[in-house]
Amino acid sequence: MQLNSDILNKVQYLVGSAEIACNLLSVAAKVPFDDEIVEFLNDVSRELMKNGESKAYSDVVTFGFWIRKGSVLKLKERFNENDGIHLGKGVVFHIAPSNVPVNFAYSLVSGLLCGNSNVVRVPSKEFPQVKIIMETFNKVLESHEAMKPYVLCVRYDRDKEINDLFSSVADMRVVWGGDQTIAELRKSPLLPRSGEITFADRYSLAVIDSDSYIVIEDKNRIADDFYNDTFFSDQNACTSPRVIVWTGRRIDEAKEAFWNTEHTLVKSKYTFQPIQGVNKLTQSYMIAVAEPGVIIEEHSDNLIVRVKVPKITDYLMDYRDNSGYFYEYDCKDVLDLIPLVNDKRCQTIAYIGDKGTLLPLIKSGVKGIDRVVPMGKTMDFDLIWDGYNLPTMLTRTIVMS
């Protein structure tokens, strides 16, 4: 069976072709971490690392480092299962988010490592990172002919007919980009035995132990880590902390040092648009009206807007914003955070200090929190993401008894 060529001709092919797309159903599934896939990714990594353009984008370099052979073999050790014969599901249709340039590549590699052929709708915005990675894939595929049917990267405007076509042949559909995107894709039916992984709208927070922060000598490194977690993506990533929770005995001292260091860094490297300042101030005024006792902290400019809240509420994230907009809470008992993290939209907690202090919160039975990671690591991708074990969900197990 071949796919409808008239519909496929409406698609822009960044990697692959309409001919490859037509024959998706004839592509054989591979075993997870297949040697050929590992070597292909290692060659992509090598090309990215020596590309002068890549060095201008830390997210491209990070991706290149993640797919190198040594890193992939460590993943293989972690996810190698011996409970039967494992194969890829077949065809995985990925919808990448529009605001995180390199996310599409991580989603694609997750499908590849699990032995699948992949159709990835990349962001419509022409990010330079996307261009660099696309050119590298195309270059490396010339020496990995057998891998061509497994890597198809496409771009098209919102088009239900195209969504219907790719969904109709997908054994798994992976949807990033939020609630609205998920709702739109669900108008395109899947086959009865096909599955779906959705990465919905999420939010994250940071918990900083003031006593631990104060004794850290290299506070500039912490500023860099926090910048990468937040300002690097304009806080648009679901992993970017939006609420900063302070614990310990030296909160005021730690806040002053932390924010002064961060402001210096942001001022030196962040590209700020006036509309961002207007949006942040508008949002801070709205929460001030909605919640008595809110304090908008003094700031010399609008690069960083901090809003101190007297308590954690379950509606706080209804007033969230981005591009350097933070809520702050001085916390005496970690269980005070339950209204915020008992929401399934709560994804990541970044921490400075002892992560063990968060265990009572996690073990309280809250419905949110999928990841607890050190500050600076919130955007580090892993095959367990948003609580999903991707190697389990993107493969099938054949039992022989």
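The expected span of a helix is taken as 1.5 Å times one less than its number of residues, and helices themselves (H or I, at least four residues) and strands (E, at least two) are DSSP runs numbered from the N terminus. The structure described here is a predicted model, in which local features need pLDDT of at least 70 and side-chain atom pairs count only at pLDDT 80 or more, while totals for chains, interfaces and linings use all residues. Residues are numbered from 1 along each chain as its sequence is written, and side-chain values use heavy atoms, with hydrogens and water left out.

A good place to begin is helix α12, which covers residues 251–269. Its 19 residues reach 27 Å from the first C-alpha to the last, close to the 27 Å expected at 1.5 Å a residue. Several residues of α12 are buried, including I251, F258, W259, E262 and V266; buried here means under 20% relative accessible area, exposed means over 50%, and partly exposed lies in between (1.4 Å probe, protein chains only). The cover over the buried residues of α12 includes the strands β8 (203–209), β9 (241–247), β11 (305–308) and β12 (325–330), together with the helices α10 (210–214) and α11 (219–229).

Within this helix, E262 deserves a closer look. E262 counts as buried, at 0% relative accessibility. Leaving aside neighbours within four places in sequence, E262 is in contact (heavy atoms within 4.5 Å) with I222, A223, F226, Y227, F231 and I304. By comparison, E262 and Q180 are 82 residues apart in sequence and 33 Å apart in space, C-alpha to C-alpha.

Charged pairs come next. The structure holds 28 salt bridges, each defined by a side-chain nitrogen of Lys or Arg within 4 Å of a carboxyl oxygen of Asp or Glu. One of them joins R78 to D382, with the closest N and O atoms 2.7 Å apart. R78 sits in helix α5 (residues 69–79) and D382 in the loop between β14 (371–374) and β15 (384–385), so this pair ties together parts that are 304 residues apart in sequence. R78 is partly exposed, with a relative accessible area of 46%.

Another salt bridge pairs R249 with D211, the closest N and O atoms being 3.5 Å apart. This pair also links distant parts of the chain, 38 residues apart, with R249 in the loop between β9 and α12 and D211 in helix α10. R249 is exposed, with a relative accessible area of 76%. E142 and K148 likewise form a salt bridge, their closest N and O atoms lying 3.5 Å apart, and E142 counts as exposed at 56% relative accessibility. In addition, K10, D159 and E161 are linked in a network of salt bridges.

Turning to the cysteines, the structure holds zero disulfides, a disulfide being a pair of cysteine sulfur atoms within 2.5 Å. The sulfur of C153 is too far for a bond, because the closest cysteine sulfur, in C114, is 17 Å away. C153 is buried, with a relative accessible area of 0%. For C238, the closest cysteine sulfur is that of C346, at 11 Å, which is again too far for a bond. C238 counts as partly exposed, at 24% relative accessibility.
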